[in-house]
Amino acid sequence: MNYIDRVLENLVKKNPGEKEFHQAVTEALKSVEPVINSNKIYEEFSILERLTEPERAISFRVSWKDDNNKIHVNKGYRVQFNSCIGPFKGGLRFHPSVNLSIMKFLAFEQTFKNAITGLPIGGAKGGSDFDPKNKSDFEIMNFCQSFMLELFRHIGASTDVPAGDIGVGAREIGYLFGYYKKIKNLHEGVLTGKGLDYDGLAGRKEATGFGLIYFTEEMLRENGESLKNKTVCVSGAGNVAIHTVQKAQEYGAKVITMSDSSGWIYDKNGINLEIIKKIKENNRDRISRYLEFEPSAKYTSGKFNWDIPCDVALPCATQNEILLSDAKNLVKNGVKFVSEGANMPTSLDATNYFVENKIIFGPAKAANAGGVSSSVIEMSQNSSKMTFDSEFSHNKLESIMKSIFKNVSQTACEFNQKGNYILGANILGFKKVASAMISEGVV
Ligand code: NDP
């Protein structure tokens, strides 16, 4: 059995039941095969074994009181996966589906993604199975304070800098930051995604969605196309989806779908984003309300099955939202490009189906790296005690995303796989992290 297969077999044995973690590692290791096979140093230094075991995985109890003084208990996590190229960095997710496997897959992916940006940050992820839906602001605050009461001892501006993710936006980051400052008596850039009224970066909120479109436009251009006049399906209606739609529309694309966990809408005239923002950003309401404002649109409850003809598909909700049957729907209906805004939104068999059918594919670890890149701009704003304006931050984001695309594309070409951005992204991230691990010795 070869080195990669042995590592994968052991990983499954040592981490039973962690299916999302197995999936993320399998996808990454399979595509770095050409590098592993051509250089024995990685096996000599046990790089794959070390790269797939988190440096630290913290699990803790979060007790909090609701508005009726009833006590609840949730699980809290911080998985600090790899710090060889910089302080741990990665978001916090509050969602009932959160478990150790999801935390580990996200932290593992984040390690590659952060390396691909070329910026000095390691990989981590954290969160809780707490569900912020239908909670009052006070309940959210109580929960965030209790969560921080344990997390604070593991993080710091030069140690580990969390950010937002599903269920964690500016409101939650504000409560977390306020409590960290209170406990530590320290005003430092320990979190990113902060509000603009206290140290946040202009443009951070938009960065993942805008970055996805910068990357996707580069990918289309390399293949002789552009987003202008393309029909686009987007999933999700949260932070990433909203800003993806905004920038895609600015580039002249027509976005016809969006979704949430209850269902999805199809507006053949093009999504009216102001309505979505009204429903989602202030009220955190259901997407079905879109029809109150645009009665000619269609709403379908349940999972989005991607069975709407489009040129470009941009999944921006959650992991494994494009399954093989969805990929078949997209290919049957003529999709040409898929670019991932969410983390690992495409299952392994669906990804393989796209590749077999010559669909141009932008993998999440490169395509959605705009959020973390902008977070690093926020970290440098905080440590320099300056305030960067939104023009500076948007221009910097655009140039980082273009250079990520260029480096991913060049890496694929070096391995005679022009246009295979999955392979390009994985090899680029792997080589950077592995080389730093070798330089830093056995730690
Ligand atoms: P939000 O919480 O703002 O939005 C998430 C959206 O996805 C909501 O519309 C939500 O619907 C929907 N959703 C969540 N879970 C499911 C599910 N199981 N099935 C169907 N729909 C679901 O999160 P973000 O926009 O921040 O994150 C979206 C994705 O992007 C995630 O994969 C995240 O890891 C990734 N990402 C985010 C970054 C960021 O900067 N925020 C950076 C890089 C990646 P509902 O409201 O009904 O739950």
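**Figure 1. Across this predicted model, a search of the whole structure turns up 25 salt bridges.** Side chains of opposite charge can pair when their charged atoms come close. The next three views visit some of these pairs, so let us start with one.

**Figure 2. Glutamate 43 and arginine 6 meet through their side chains in a salt bridge.** The N to O distance here is 3.0 Å. Glutamate 43 belongs to helix H4 (residues 41-44) and arginine 6 to helix H1 (residues 3-14), and the pair links distant parts of the chain, 37 residues apart. Are these two partners buried or exposed? Glutamate 43 is partly exposed, with a relative accessible area of 27%. Arginine 6 also counts as partly exposed, at 36% relative accessibility.

**Figure 3. Arginine 153 pairs with glutamate 150 in a salt bridge.** The closest N and O atoms of this pair are 3.3 Å apart. Glutamate 150 has a relative accessible area of 22% and is therefore partly exposed, since buried means under 20%.

**Figure 4. Lysine 303 and aspartate 326 form a salt bridge between a loop and a helix.** Their side chains meet with an N to O distance of 2.8 Å. Lysine 303 sits in the loop between strand S9 (298-301) and strand S10 (312-314), while aspartate 326 is in helix H13 (residues 324-332), so the pair ties together parts that are 23 residues apart in sequence. The two ends have their own surroundings: lysine 303 is partly exposed, with a relative accessible area of 46%, whereas aspartate 326 is buried, at 3%. Elsewhere, Glu27, Glu109 and Lys365 are joined into one network by salt bridges that share partners.

**Figure 5. The ligand is surrounded by 24 residues.** Which residues come closest to the ligand? They are Lys133, Asp165, Thr208, Ser261 and Asn343. Sorted by character, the residues of the shell divide into 6 nonpolar, 12 polar and 6 charged. Domain 1 (3-187) and domain 2 (207-362) each give at least three residues to this shell.

**Figure 6. Oxygen atoms of the ligand lie close to polar atoms of threonine 208, asparagine 239 and arginine 286.** For threonine 208, an N or O atom of the side chain is 2.7 Å from a ligand oxygen. Asparagine 239 takes part through its backbone, where an N or O atom lies 2.9 Å from an oxygen atom of the ligand. Arginine 286 places a polar side-chain atom 2.8 Å from an oxygen of the ligand. On its own the ligand has 890 Å² of accessible area, and the protein covers 82% of it. The elements giving two or more residues to the shell are helix H9 (204-222) and helix H10 (239-250).

**Figure 7. Asparagine 229 has a positive phi.** Most residues other than glycine have a negative phi. What is the phi of asparagine 229? The value is about 65 degrees, although this residue is not a glycine. Asparagine 229 is found in the loop between H9 and strand S6 (231-234), and at 64% relative accessibility this residue counts as exposed.

**Figure 8. Lysine 385 is another non-glycine residue with a positive phi.** Its phi is near 55 degrees. Where does lysine 385 lie? Look in the loop between helix H16 (370-384) and helix H17 (390-414). Lysine 385 counts as exposed, with 66% relative accessibility.

Notes
Residues are numbered from 1 along each chain as its sequence is written. This is a predicted model: local features need pLDDT of at least 70, side-chain atom pairs count only at pLDDT 80 or more; totals for chains, interfaces and linings use all residues. Side-chain values use heavy atoms; hydrogens and water are left out. A residue is near a molecule or strand if one of its heavy atoms lies within 4 Å of it. A polar contact is a pair of N or O atoms within 3.5 Å; within protein, one must be able to donate a hydrogen and the other to accept it, and residues adjacent in sequence count only if both atoms are side-chain atoms. Accessible areas come from the Shrake-Rupley method with a 1.4 Å probe; for residues, only the protein chains shown count as cover. Helices (H or I, at least four residues) and strands (E, at least two) are DSSP runs, numbered from the N terminus. Ala, Val, Leu, Ile, Met, Phe, Trp, Tyr, Cys and Pro count as nonpolar, Asp, Glu, Lys and Arg as charged, and the others, Gly among them, as polar. Domain bounds come from an automatic or database domain assignment. Buried means under 20% relative accessible area, exposed over 50%, partly exposed in between (1.4 Å probe, protein chains only). A salt bridge is a side-chain nitrogen of Lys or Arg within 4 Å of a carboxyl oxygen of Asp or Glu.
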